[in-house]
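Biologist: Please give me a close look at the salt bridges in this model, along with the parts of the fold that hold their partners. Keep it informal, but spell out the cut-offs.

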Amino acid sequence: METPQQKNKSRLSESTSLHYLLHSGKNSKPLYYLRAVSRDILPDGFFRSRLKYELSRGRRLYDEEYVEDRVNYYCQLQEPADIGEDAPCLGDLHKKGHNSTYYYDSREIIAWFPHELRWRYLFGDIREIPPLPTIVKSRNLQPDNANAVILKLDKCRHFVYLRDKIPFSEKLDMAIFRGQVGIRENRIQFVQQFEKHPRIDAANTLAKGGLFADNPDGNRVVPRLSLYDHLKYKYIMSLEGNDVASNLKWIMSSNSLAVTPRLTCETWFMEGRLKGDVHFVEIQPDYSDLIEKMDYYTAHPAAAERIIHNANAYVDQFRDERRERYIALRVMQRYLELCNP
């Protein structure tokens, strides 16, 4: 006979493609592209003529010490830098040949600056530190990563915030993992280790090729769950993929606890400033203490609530979109000034 938890596990794993598409909880791609295309058709001269005003406005409205701290975090360059004679001009960037979200997100910032200025960029999930100063979405957490200058890219996918109406105390005392396992050893290990555990709802999904497509890595594939279905659980696994785990941000905006081993990669979210058992529940890389940590926070809800409060407060600093754009303009301004001496 199935336990209540196992019944819940089976019930919550059921999903239809229509339900997922209508209630995924993710940002609306059509709305994102509508805004991005509408902005991109404006002449760049419109933005360049307003740059001085936008920077002046930002200095009046926002805490300069806070802004400068974040600019220094994303762009650690302090001296003029050589990016090579083959570095393309800002005006050379075209949509063809690039992921469209990276194109539109970078265009939202570089359109404010003269076309003839040069830069380097690497779009996609980047871990390695480039040999020359380069604009990236993500970088490894290591001391010598100054050549990787972070900009807020692929933000429609990564910066998702949820309104969670379920208190931590009313959630299922279980952990959930849904994600593309692929060839990522950390995810393969987790699914194989906990797929049949009564308190862990762990399963592999396949986003491309349809919800029920054959999975080439041989692991069992289940339908995707909406982000809101995840919120029924007290513990949500956040396991890094090609770079960061894209779900960490929306988990930290909820009343559930993000659970992850120590982070190794970061983006505009400044994952390097997150602290284990302060902003998320930190577990061992081999997951050996996962159940122990779950037991602890279930038995100590006040400690869980403190982490949730800290996580929510950390997320709140990214919600002001105009301030975020201002910080991005300041990052790009510093990068271009130092790389175009």
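Modeller: A salt bridge here is a side-chain nitrogen of Lys or Arg within 4 Å of a carboxyl oxygen of Asp or Glu. Keep in mind that this is a predicted model: local features need pLDDT of at least 70 and side-chain atom pairs count only at pLDDT 80 or more, while totals for chains, interfaces and linings use all residues. Residues are numbered from 1 along each chain as its sequence is written, and side-chain values use heavy atoms, with hydrogens and water left out.

With that rule, the count comes to 27 salt bridges. Let me start with Lys-137 and Asp-243, whose side chains meet at 3.0 Å, N to O. Helices (H or I, at least four residues) and strands (E, at least two) are DSSP runs, numbered from the N terminus. On that numbering, Lys-137 is in the loop between β2 and β3 (139-140), Asp-243 is in the loop between β7 and α11 (248-252), and the two are 106 residues apart. Lys-137 and Asp-243 are both buried, where buried means under 20% relative accessible area, exposed over 50%, and partly exposed in between (1.4 Å probe, protein chains only).

Next up are Glu-324 and Lys-152, with a salt bridge of 3.7 Å, N to O. Glu-324 belongs to helix α14 and Lys-152 to the loop between β4 and α8, so the pair ties together parts that are 172 residues apart in sequence. Both of these residues are buried as well.

My third pick is Asp-295 with Arg-199, at 2.6 Å, N to O. Asp-295 lies in helix α12 (residues 290-299) and Arg-199 in the loop between α9 and β6, so this bridge ties together parts 96 residues apart in sequence. Here the two partners fall into separate classes: Asp-295 has a relative accessible area of 38% and is partly exposed, while Arg-199, at 13%, counts as buried. There's also a network of salt bridges that links Glu-64, Glu-68, Arg-330 and Arg-334.

Now for the surroundings. Trp-268 touches Lys-137, Lys-152 and Glu-324, among others including Arg-70, Phe-159 and Val-331, not counting residues up to four places away in sequence; contact means heavy atoms within 4.5 Å. Trp-268 also sits in the largest nonpolar core, which has 72 residues, and is listed with Trp-119, Met-332 and Tyr-335 as having the most contacts inside it. The core rule: buried Ala, Val, Leu, Ile, Met, Phe, Trp, Tyr and Cys residues joined through side-chain atoms within 4.5 Å. Helix α14 (residues 321-339), home of Glu-324, gives the most to this core, with 10 residues. Apart from it lies another core, of 25 residues, including Val-281 and Tyr-297.

Helix α14 also takes part in packing with α7: the buried residues of α7 pack against α3 (29-40), α4 (44-48), α8 (155-158) and α14. Helix α7 (residues 100-110) has 11 of its 11 residues buried.

What about the strands beside those loops? Two strands pair if DSSP finds at least two bridges between them. Strands β1, β2 and β4 form an open sheet in the order β1-β2-β4, with parallel pairing. β1 (121-122) and β4 (148-150) each have a single partner strand, so one side of each is left without a neighbour in the sheet. Over 3 bridges, β2 (residues 134-136) and β4 pair in the parallel sense, and Val-136 stands opposite Ile-150 in β4.

On the Arg-199 side, strand β6 (residues 200-204) has 5 of its 5 residues buried. Ile-200, Ala-202 and Asn-204 point one way and Asp-201 and Ala-203 the other. β6 runs parallel to β5 (residues 172-179), joined by 5 bridges, with Ala-175 as the bridge partner of Ile-200. From β5 the chain crosses through α9 (residues 185-194) to β6 in a right-handed β-α-β crossover (with the strands pointing away from the viewer, the path from the first strand over the helix to the second runs clockwise). Ala-175 also stands opposite Tyr-235 in β7, and β7 (residues 233-237) has 5 of its 5 residues buried.
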